[in-house]
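Visitor: Hi, I've got a structure open and would like to talk through some of its details. Can we start with the charged side chains?

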Amino acid sequence: METLRLYYRVDCGLCELMQEEIRPLQRELGFELELRDVDASSAWVEAYGASVPVLGGAGGEICHFFLDPQALRGYFAST
């Protein structure tokens, strides 16, 4: 089972929204979700700090700011 990473920031409305919206797709597509507080690492802040929330997997970034269900399904269709 593939693990996707969601880089988020505490008290971020868009981050909370993406976390809520991704749960049904997680059940549908069957992936693990690892939550990473972007502020826990200076490398993560540099890479993703201006774009949170960011959803990514082994193949790279899937979407940021808003959940893109079509991009997420496409990601799994191509793996």
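Visitor: Which residue does the side chain of Glu-34 meet in a salt bridge?

Guide: That would be Arg-36, with an N to O distance of 2.5 Å. Keep in mind that this is a predicted model.

Visitor: Is Glu-34 buried, exposed or partly exposed?

Guide: Partly exposed, at 32% relative accessibility.

Visitor: OK, and how many salt bridges does the structure hold?

Guide: There are 3 salt bridges. One of them joins the side chains of Asp-39 and Arg-9, at 2.9 Å from N to O.

Visitor: Where do Asp-39 and Arg-9 lie?

Guide: Both lie in loops: Asp-39 between β2 (32–37) and α2 (42–48), and Arg-9 between β1 (3–8) and α1 (13–29). They are 30 residues apart in sequence, so the pair ties together separate parts of the chain.

Visitor: And what's the accessibility of those two?

Guide: Asp-39 has 44% relative accessibility and counts as partly exposed. Arg-9 is at 25%, which also counts as partly exposed. The cut-off for buried is under 20%, so Arg-9 at 25% does not count as buried.

Visitor: What does Arg-73 pair with in a salt bridge?

Guide: Glu-28; their side chains meet at 3.0 Å, N to O. This pair links distant parts of the chain, with Glu-28 in helix α1 and Arg-73 in helix α3 (residues 69–78), 45 residues apart.

Visitor: Are those side chains buried or exposed?

Guide: Neither; Glu-28 is partly exposed, with a relative accessible area of 48%. Arg-73 is partly exposed as well, at 37%.

Visitor: Since we've got to α3, which of its residues are buried?

Guide: Leu-72, Tyr-75 and Phe-76. They cover an arc of only 90° around the axis, which puts them on the same side of α3.

Visitor: Why would residues with those spacings line up?

Guide: An α-helix has 3.6 residues a turn, so residues three or four places apart point the same way.

Visitor: Which residues are exposed on the other side of α3?

Guide: Gln-70, Ala-77 and Ser-78.

Visitor: And what covers the buried residues of α3?

Guide: The cover includes β1, α1, β3 (54–57) and β4 (60–64).

Visitor: What caps the N-terminal end of α3?

Guide: Asp-68 does that job. One of its side-chain oxygens lies 3.2 Å from the backbone nitrogen of Gln-70, a residue that is exposed.

Visitor: Switching to the backbone: which peptide bond is cis?

Guide: The one from Val-52 to Pro-53, with omega near -5°. Pro-53 sits in the loop between α2 and β3.

Visitor: What about phi, which residue other than glycine has a positive value near 65°?

Guide: Asp-11 has that phi. You'll find Asp-11 in the loop between β1 and α1, and Arg-9 from the Asp-39 salt bridge lies in that loop too.

Visitor: Is Asp-11 buried or exposed?

Guide: Exposed, at 73% relative accessibility.

Visitor: And what is the phi of Phe-65?

Guide: About 70°, so again a positive value, although Phe-65 is not a glycine. Phe-65 is in the loop between β4 and α3.

Visitor: How accessible is Phe-65?

Guide: Phe-65 is partly exposed, with a relative accessible area of 33%.

How values were computed:
Residues numbered from 1 in each chain as written. Predicted model: local features only at pLDDT ≥ 70, side-chain atom pairs only at ≥ 80, totals over all residues. Heavy atoms only, no water. Salt bridge = Lys/Arg side-chain N within 4 Å of Asp/Glu carboxyl O. Helix = DSSP H or I, 4+ residues; strand = E, 2+ residues; numbered from the N terminus. Buried < 20%, exposed > 50% of the residue type's maximum accessible area, 1.4 Å probe, protein only. Arc of directions from axis to C-beta. Contact = heavy atoms within 4.5 Å. Polar contact = N/O pair within 3.5 Å; in protein donor to acceptor, adjacent residues only side chain to side chain.
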